[in-house]
Amino acid sequence: MESKINIDQVAKLARLSLKPEEKGKLSKDLENILAYVDLLQELDTSKVEPTSHVLPIENVFRKDKVIESGVRNFVLDHAPKRDGKFFKVPKVIEGL
Amino acid sequence: MEPYRLTLKQAREFVGKDLSKRDQLLDALVRRVNDVDPRVNAYVHFDPKHISSQKQAELKGPLAGIPISIKDNMVIKGWETTCASNILKGFIPPYDATVIRKLRDAGAVIFGKCNMDEFAFGSSCETSAFGPTRNPWNLDCVSGGSSGGSAACVASDTAIAALGSDTGGSIRQPASLCGVVGLKPTYGRVSRYGLIAFGSSLDQIGPLTKTVEDSAILLNVIAGHDERDSTSAEIPVPDYTAFLGKNVKGLKIGIPKEYFVKGLDSEVEKAVRAAIKVFQDLGASIAEVSLPHMKYSVAVYYIVAVAEASSNLGRYDGVQYGLRCEKNNLVEMYFETRDQGFGAEAKRRILLGTFVLSAGYYDAYYVKGLKARTLIKQDFDRVFEKVDLIIGPVSPTPAFKIGEKLDDPLSMYLSDIYTIAANLAGVPAMSVPCGFSLTGLPIGLQLTAKPFEEGTIFRVASAYEATMKWNERKPEL
């Protein structure tokens, strides 16, 4: 399988701002790992169902009930930045 | 005997209902940590204040007053939990994981948080942001990983017992390298609520202990259905200690022919073959079996596990907790926080996972991996129609030197070649000590059973341990 990894594109999808000095080694590592993973191509899986999960469980339901979690302040206590009862982040919408 | 040397069972007898004995045990262990751990580095968050605040006025429950150490990826209310990553430094969880709640309900004292590979990504504990945990049997060697801290603290008697987590061998491989007993239960046996996710379809919490009996005692406490983890199974939990001390006569044990191949260290092979002979002498019947797709397990794992990891680690963005690198806008903040917060191995896996899930590659890699996973699971189903248990090596080699494999990810990944398949198939597996190399490094034996038949593992492992008594040898520290 042809799979020359475009490290910049994958890093963008993964939301990682890789430093230039990181890119060479990481992209070489990924190529090596993918070359190894290509071992799977010799397997005929045309009649095989995929297994994403080993337990035969689907749609586990329970009654929806309102309970007091009491963690609001605790959760905000370790926010990197907060404003009262809100998490504070840099500006999201440009031009305002 | 110094109280820190006690097994969990012995510690329970030592403490009884006596508060002063409990304090004597805890004090002895704290002194032992201060004495030994600066060299081993098994603990990342250790504070005697946390221990004294848990001293109940009354001792009750099956683990009353017994200290248990916890891998740093299980959340403990009010106690910094970091997954040994810079991105979570300063994160103080607002709740207890279900296993922590169960330990507390059983009377246990949460003793300390153990070192690990960052986000459990590794087989040597070297990717930790807190530096590597060293092997108590040879401080120049790795402890194994990712639950290296949990294995090393039990081996060095700085813990009575510990919990680890296992996604591709992260309990069994360090247990093998450090000479302790490590059990990965069946997927769904133990609640994952409060276990910081790596590969959600593979992760499972389990005990690392000095003896097989201790492992059964601890599994009794932590196993069971939890409505907060919809993947925990609604299957009754037997008393696992009832399987101990039984003989193995008539039991059918399978030896996969694929296990004894190139890459397996000759001393490991010798120790495993000697163990097979012991089971024969104890009256078990041995049969050769085949797991034809085992050789694909590492490749499947480095698609499926990294795909799940890249998705699970999407939540670390600097908004709600942990590290934040301030930038002028939100998106730049995400990018910079993640670049600075994650170490090299975490980045490798996030990138690889993102790639195999990306448009154009999803079917070729991710779906292909899931289909090969089916074939691996079917191998086990077929073998378990014929035998009760599979035995073989845990790690292809004894502990390797610190730094030896750090720059070669693929060679590091291949150190999990014998352990990964159990996670892909969801079956329970244990590492139990089965000897030492000529240089005095421990070797582990892997016992793998049918789903939810941990009892068979306890039965066989306890018969073996009682015969060989490898657990009586201790590292000099």
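**Reading contacts in a two-chain model**

Visitor: What relative accessible area does Glu326(B) have, and how does that class it?

Guide: Glu326(B) has a relative accessible area of 43%, so the residue is partly exposed. The band between buried and exposed runs from 20% to 50%. Keep in mind that this is a predicted model.

Visitor: Which side chain does Glu326(B) meet in a salt bridge?

Guide: Look for a Lys or Arg nitrogen within 4 Å of an Asp or Glu carboxyl oxygen. Here the partner is Arg324(B), at 3.2 Å, N to O. Arg324(B) is buried, with a relative accessible area of 12%. Glu326(B), at 43%, is partly exposed.

Visitor: Where else should I look for a salt bridge? How many does the structure hold?

Guide: There are 33 over all chains. Take Arg82(A) and Asp77(A), whose side chains meet at 3.5 Å, N to O. Asp77(A) is exposed, with a relative accessible area of 56%. Arg82(A) is partly exposed at 35%.

Visitor: Which salt bridge crosses between chains?

Guide: One that does is Asp339(B) with Lys19(A), at 2.7 Å, N to O. Asp339(B) sits in helix α10 (residues 330-341) of chain B. Lys19(A) sits in the loop between α1 (7-13) and α2 (20-37) of chain A. Check the accessibility of both ends. Asp339(B) counts as buried at 5%. Lys19(A) is partly exposed, with a relative accessible area of 27%.

Visitor: Which residues are linked with Lys19(A) and Asp339(B) in a network of salt bridges?

Guide: Glu22(A), Glu336(B) and Lys347(B) join Lys19(A) and Asp339(B) in that network.

Visitor: On to helices. At what angle do the axes of α7 and α15 of chain B cross?

Guide: The angle compares the N-to-C directions of the axes. Helix α7 (residues 212-222) of chain B and helix α15 (residues 454-468) of chain B cross at roughly 155°. Their axes come within 9 Å. An angle over 145 degrees counts as roughly antiparallel. That is why α7(B) and α15(B) are classed as roughly antiparallel to each other.

Visitor: Which residues of α7(B) and α15(B) meet?

Guide: From α7(B) come Val212(B), Glu213(B), Ser215(B), Ala216(B) and Leu219(B). They meet Glu454(B), Phe458(B), Ala461(B), Ser462(B) and Glu465(B) in α15(B). By class, this contact has five nonpolar, two polar and three charged residues.

Visitor: Now the rings. How many aromatic pairs are there over all chains?

Guide: The count comes to 24 over all chains. For each pair, read the centre distance, then the angle between planes. The rings of Tyr43(B) and Phe111(B) have their centres 6.1 Å apart and their planes at 70°, so this pair is edge-to-face. Tyr43(B) lies in strand β1 (residues 43-45) of chain B and Phe111(B) in strand β3 (residues 109-114) of chain B, so the pair ties together parts 68 residues apart in sequence. Phe111(B) is buried at 0% relative accessible area, and Tyr43(B) counts as buried at 6%.

Visitor: What does a stacked aromatic pair look like here?

Guide: Go to Tyr302(B) and Tyr413(B). Their centres are 3.7 Å apart, with 5° between the planes. Tyr302(B) is in helix α9 (residues 297-312) of chain B, and Tyr413(B) is in helix α13 (residues 409-413) of chain B. This pair links distant parts of the chain, 111 residues apart. Tyr302(B) is buried, with a relative accessible area of 3%. Tyr413(B) counts as buried at 2%.

Visitor: Which residues do ring pairs link into a cluster?

Guide: Phe91(B), Phe119(B), Phe121(B), Phe198(B), Tyr316(B), Tyr321(B) and Phe342(B).

How values were computed. Residues numbered from 1 in each chain as written. Chains lettered and ligands numbered in written order. Predicted model: local features only at pLDDT ≥ 70, side-chain atom pairs only at ≥ 80, totals over all residues. Heavy atoms only, no water. Axes fitted to C-alpha atoms, helices over the stretch in contact; angles between N-to-C directions. Helix = DSSP H or I, 4+ residues; strand = E, 2+ residues; numbered from the N terminus. Parallel < 35°, antiparallel > 145°, perpendicular 65-115°, else oblique. Contact = heavy atoms within 4.5 Å. Nonpolar A, V, L, I, M, F, W, Y, C, P; charged D, E, K, R; others polar. Buried < 20%, exposed > 50% of the residue type's maximum accessible area, 1.4 Å probe, protein only. Phe/Tyr/Trp six-rings, centres within 6.5 Å; stacked < 30°, edge-to-face > 60°.
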